[in-house]
Amino acid sequence: MDFELMINSFPKLLNAAVVTLKLLSVSLIVGLFIGLLFAILRLNKNIFINKFAYGYSYVFRGTPLLVQIFIIYFGLGQIESLRSSFLWLILKEPYWCAIIAFALNTGAYTSEILRSAFQTIKPGIIEAGKSLGISNKIIFYKVQIPIAIRQSLPAYGNEIILMLKGTSLASTVTLMDLTGVAKYIISTTFKPIEVFIVAGGIYLFMTFIIHNLIKFLEKKYSY
Amino acid sequence: MELLAFGDTGWGDELFRATLMTIAVSITAMLIGFSFAAIFTPLKLSKFKFLNLIANIYTTVIRGVPELLVIYLFFFGGSGAIMFFASMFGYNEYIEINAFVTGSFAIGIISGAYSTEVFRGAIQSIDKGQFEAAKVLGLSKFKQFYKIVLPQMLRLAIPNLSNVWQITLKDTSLISVTGLVEIMRQSYIAAGSTRDPLFFYSFAAVLYLLLTFISMKLINKLEVKYSRGY
């Protein structure tokens, strides 16, 4: 055991963990909106809209995240019209490519979580709102969405942790996140176990915090 | 379409072999995972707190750390560890383990952590009366497990194991970083030499979708088979 290396690499890895957290939070926020949008589309009665939303979540859940990142980072740059448009400012940056891929990926999982949450809302609650003369729009925003959010908290907590682990793939498109820096240190010092313990410890700590945060929210919003 | 031709002109046969490699790694990893689960599930259900702790550390660490980091640990640390053990037996030459073994072991350990949780949940949800009835009938320990617990456990575990299989299948794409030529690595090579990454990565996505689709169909059949009588 090389304890000196472990102590020396700790601040470097901690700095890299900030990058990981940035990637995670931005993609989760964007992913939540995408997920909500597609969950609503899934509940639409129009069969084409419904199938489209199902297809989106099927494709993104059925393929590895790595493929999705590579298609966006290496693949999209090939399209001539995209390169000349203003979108290229975003798509040439590996940081934004990774975030787009993560957001689309977590959006697909989130849409499934939210859809099943919407479907478990008892019809009686909606009917109660209707009989009170509340408009459909307000019922949706004030009744259905809060209940759905509470229902989906445990599953969404798992999704956050899966996404935290997913951000490690950003290192494959040259980003120096926690895994990227860990790999760099391993390949320069050839001390994989020491670096794994430190980097793994930081990941576990983040998982622990997220886990407890979700538990706290679950308690707070239980009814 | 010319890009996918079989033979020297296209990448069809290479991608076909790569797909077989992905399937082979996934199955090997899944089996390694089962053997890990066979060790750690009893530990999880044991009465001894210490054994519980060991099993909990295994599942918590593996499920809390990114797959890629575990793969790097095995990729860079694997041959070192083997050489360390070999040197204890007086063998000091350089040993290189191939990417297939490292990869399936890394993915296998990850898949094992998920399988352990699945099996633990399945055994815990079997009715207590079943264990008692088996004991009362005077069945031997082995027969209790093999004839009473295992069939019921499999019925409960198969839907969740199919999730573990999906995760394992998708995780194999990460082994491409170690240079094992599976779907992802082959697409990377093809994309590099033809300068057509969009096509090859999209094709890789289609291959993965096909694999998940077919395996879902097969697992559904298995599910029907094991829930006979319910």
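Helices here are DSSP runs of H or I with at least four residues, strands are runs of E with at least two, and both are numbered from the N terminus. All views show a predicted model.

**Figure 1. Helix α7 of chain A and the glycine that follows this helix.** Helix α7(A) comprises residues 123-131. This helix is hardly covered: of its 9 residues, the number that are buried is 0. A residue needs 20 or more other C-beta atoms within 10 Å of its own to count as buried. After α7(A) comes A:G133, which has a positive phi, near 80°.

**Figure 2. A:T174 in a loop of chain A.** The loop in this view connects α8 (136-166) and α9 of chain A. A:T174 has a phi near 70°, which is positive although the residue is not glycine. Is A:T174 buried or exposed? A:T174 counts as exposed, because it has 11 C-beta neighbours inside 10 Å and the limit for an exposed residue is 12 or fewer.

**Figure 3. B:R195 in a loop of chain B.** B:R195 is found between α7 (183-194) and α8 (197-226) of chain B. Here too a residue other than glycine takes a positive phi, near 55°. B:R195 has 7 C-beta neighbours inside 10 Å and therefore counts as exposed.

**Figure 4. The two sides of helix α2 of chain B.** Helix α2(B) covers residues 49-64, 16 residues in number. At 1.5 Å a residue the expected span is 22 Å, since the rise is multiplied by one less than the number of residues. The end C-alpha atoms are 22 Å apart, so the model agrees with the expected span. Which residues of α2(B) are buried? They are B:A55, B:T59 and B:G64. Because these buried residues cover an arc of only 140° around the axis, they are on the same side of α2(B). B:F50, B:L53 and B:I57 are exposed on the other side of the helix. The partners of the buried residues come from both chains: they pack against α10 of chain A and against α1 (12-45) and α4 (99-124) of chain B.

**Figure 5. The side of chain A that touches chain B.** Chain A gives 31 residues to the contact, and chain B gives 27 residues. On the side of chain A, the elements that supply two or more residues are α2 (47-62), α3 (65-75), α9 (178-189) and α10 (192-220). Which of the elements has the largest share of this side? The largest share belongs to α10(A), with 8 residues. By residue type, this side of chain A has 18 nonpolar, 11 polar and 2 charged residues. The predictor assigns the complex an ipTM of 0.87 and a pTM of 0.89.

**Figure 6. The largest nonpolar core and the surroundings of A:I69.** The core has 104 residues. Those with the most contacts inside the core are A:I69, B:I71 and B:A204. Helix α6 of chain A (residues 94-120) provides the largest share of the core, 12 residues. Leaving out residues up to four places away in sequence, A:I69 touches A:C97, A:A98, A:A101, A:L169, A:T172 and A:V173. In soluble globular proteins, nonpolar side chains tend to be buried together.

**Figure 7. Chain A, as context for the close-up views of its parts.** Chain A has 10 helices and 0 strands. The C-alpha atoms fill a box of roughly 70 × 50 × 25 Å along the principal axes. Of the 223 residues in chain A, 37% are buried. Among contacts in chain A with a separation of 6 or more, 79% are between residues 24 or more positions apart.

**Figure 8. Chain B, as context for the close-up views of its parts.** Chain B has 8 helices and 0 strands. Its C-alpha trace spans about 70 × 50 × 25 Å along the principal axes. Buried residues are 38% of the 230 residues in chain B. Residues 24 or more positions apart make 72% of the contacts in chain B with a separation of 6 or more. The mean pLDDT of chain B is 89, with 98% of its residues at 70 or more.

Technical notes
Residues are numbered from 1 along each chain as its sequence is written. Chains are lettered from A and ligands numbered from 1 in the order in which they are written. Two residues are in contact if their C-beta atoms, placed from the backbone, lie within 7 Å. Ala, Val, Leu, Ile, Met, Phe, Trp, Tyr, Cys and Pro count as nonpolar, Asp, Glu, Lys and Arg as charged, and the others, Gly among them, as polar. pLDDT is the predictor's confidence in each residue, from 0 to 100. The arc is that of the directions from the helix axis to the C-beta atoms. A nonpolar core is a set of buried Ala, Val, Leu, Ile, Met, Phe, Trp, Tyr and Cys residues joined through C-beta atoms within 7 Å.
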